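Here are my notes on the model you sent, set out as numbered points. Please read them with the structure open beside you.

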Amino acid sequence: MRLHGKGRALSERVDISELTAEVRRLAAKRDAVVLAHNYQRPEVQDAADFVGDSLGLARQAALAQARTIVFAGVRFMAETAKILAPDRAVLMPEVGAGCPMADMITAEQALAFKQAHPGVPLVTYVNSSAEVKAVSDVCCTSANAIEVVRSLGVGRVLFAPDRNLAAWVASRVPEVEVIAWDGFCPAHEQVTAEALLAQKQEHPEAEVLAHPECRPEVLALADAVLSTSGMLRYAAASASEEFIVVTEEGLLHGLAKAAPGKRFYGLHPAVLCPNMKLTTLAKVRDCLRDGTGAVEVPDEVRIKAAQAVERMVAIG
Ligand code: CIZ
Ligand code: SF4
């Protein structure tokens, strides 16, 4: 039985190295750049030209010289790339990869939210559809939400769709009243304080890095609350050798590369986004080979959504 297991692991490795070579060959042939989100499968990250958070990747998309952008992530991320790079073809290897949190608010609901609070700006997390961005005043990411809200210089803001990120921002910017939409990320929401406390007991020396999509009682136990790009920088710069990482487990791969030799622990049960895992290396290869999975954002939506995204980019 052990032999069988070892043999299988070896053949999977061969598959991965062959598929990676095919991905690279097809990307060159199609004049494509492959972008992978920090939560993607390790082998997809390793085969990509760039790995990062949604905004970093959308910026890469805008800078890329390539005619085609293959986006390994979820739909709102590929849409953001299309918004910033409208003249490029943006392809998704798995068109069914959505984000349940982004689906928790529609453009109609966002408009009604605004109408119920006249004159109060709507700050929308990038984890939202292009249509919702188009009716928003400004976007934010988990990396810049606090700065974006502060920069508006107003006493009240509407915040959608993530209630946990909204609560985190409200705690850090107490001078602003944050009126939150009741959305959440199912993967981060299922993390409990008990699960984190159990892991802290196992690893008492570890620093706890948590994503602001987690519930407030989980964030209260963290040493640092950070976006994925923030965690990568923090872990590399910190004097600590061990970290408990409270975000989607795909980031553990990037952390091990960003801070070699340091130890990173996830949680039990693991924080997993099934949508992020839908994209496989074989699907990336198929997408490059067949040119399928084009993401389109109609011009009238794209132009308005671009204003909200570009306003955020100008802030930081
Ligand atoms: O904006 C992103 O890429 C997401 C969803 C997470 C993060 O914190 O980077
Ligand atoms: Fe959406 Fe959460 Fe998955 Fe990110 S981890 S894509 S917020 S469901």
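1. Proline 161 lies in the loop that runs between β7 (156–160) and α8 (163–172), and in this predicted model the peptide bond leading into that proline from alanine 160 is cis, with omega near -10 degrees.

2. A cis peptide bond also joins histidine 268 and proline 269, where omega is about -5 degrees; proline 269 is placed in the loop between β12 (263–265) and α14 (281–290). Such sites deserve a look, because most peptide bonds are trans and most residues other than glycine have a negative phi.

3. On the matter of phi, aspartate 31 has a positive value, near 55 degrees, although this residue is not a glycine, and aspartate 31 is found in the loop between α1 (2–30) and β1 (32–37).

4. Helix α3 (residues 54–63) packs with helix α4 (residues 75–84) at an angle of about 35 degrees, their axes being 8 Å apart, and the crossing of α3 past α4 is right-handed. On the α3 side the contact is made by Ser54, Ala58, Arg59, Ala61 and Ala62, and on the α4 side by Phe76, Met77, Thr80, Ala81 and Leu84; by class, these contact residues divide into seven nonpolar, two polar and one charged.

5. Which residues surround ligand 2? They are Tyr39, Val74, Cys99, Pro100, Met101, Asn127, Cys185, Glu213, Cys273 and Met276, a shell with eight nonpolar, one polar and one charged residues, and the space that ligand 2 takes is the largest pocket.

Notes. Residues are numbered from 1 along each chain as its sequence is written. Chains are lettered from A and ligands numbered from 1 in the order in which they are written. This is a predicted model: local features need pLDDT of at least 70, side-chain atom pairs count only at pLDDT 80 or more; totals for chains, interfaces and linings use all residues. Side-chain values use heavy atoms; hydrogens and water are left out. A residue is near a molecule or strand if one of its heavy atoms lies within 4 Å of it. On a 1 Å grid over the protein atoms alone, a cavity is a set of points where a 1.4 Å probe fits but cannot get out, and a pocket is an open set with protein on both sides within 12 Å along at least five of seven lines; lining residues have an atom within 4 Å of a point. A molecule sits in a cavity or pocket if more than half of its atoms lie within 2 Å of its grid points. Ala, Val, Leu, Ile, Met, Phe, Trp, Tyr, Cys and Pro count as nonpolar, Asp, Glu, Lys and Arg as charged, and the others, Gly among them, as polar. Axes are lines fitted to C-alpha atoms, for helices over the stretch in contact, and angles run from 0 to 180 degrees between N-to-C directions. Helices (H or I, at least four residues) and strands (E, at least two) are DSSP runs, numbered from the N terminus. A crossing is left-handed if the near helix is turned anticlockwise from the far one by less than a right angle, and right-handed if clockwise. Contact means heavy atoms within 4.5 Å.
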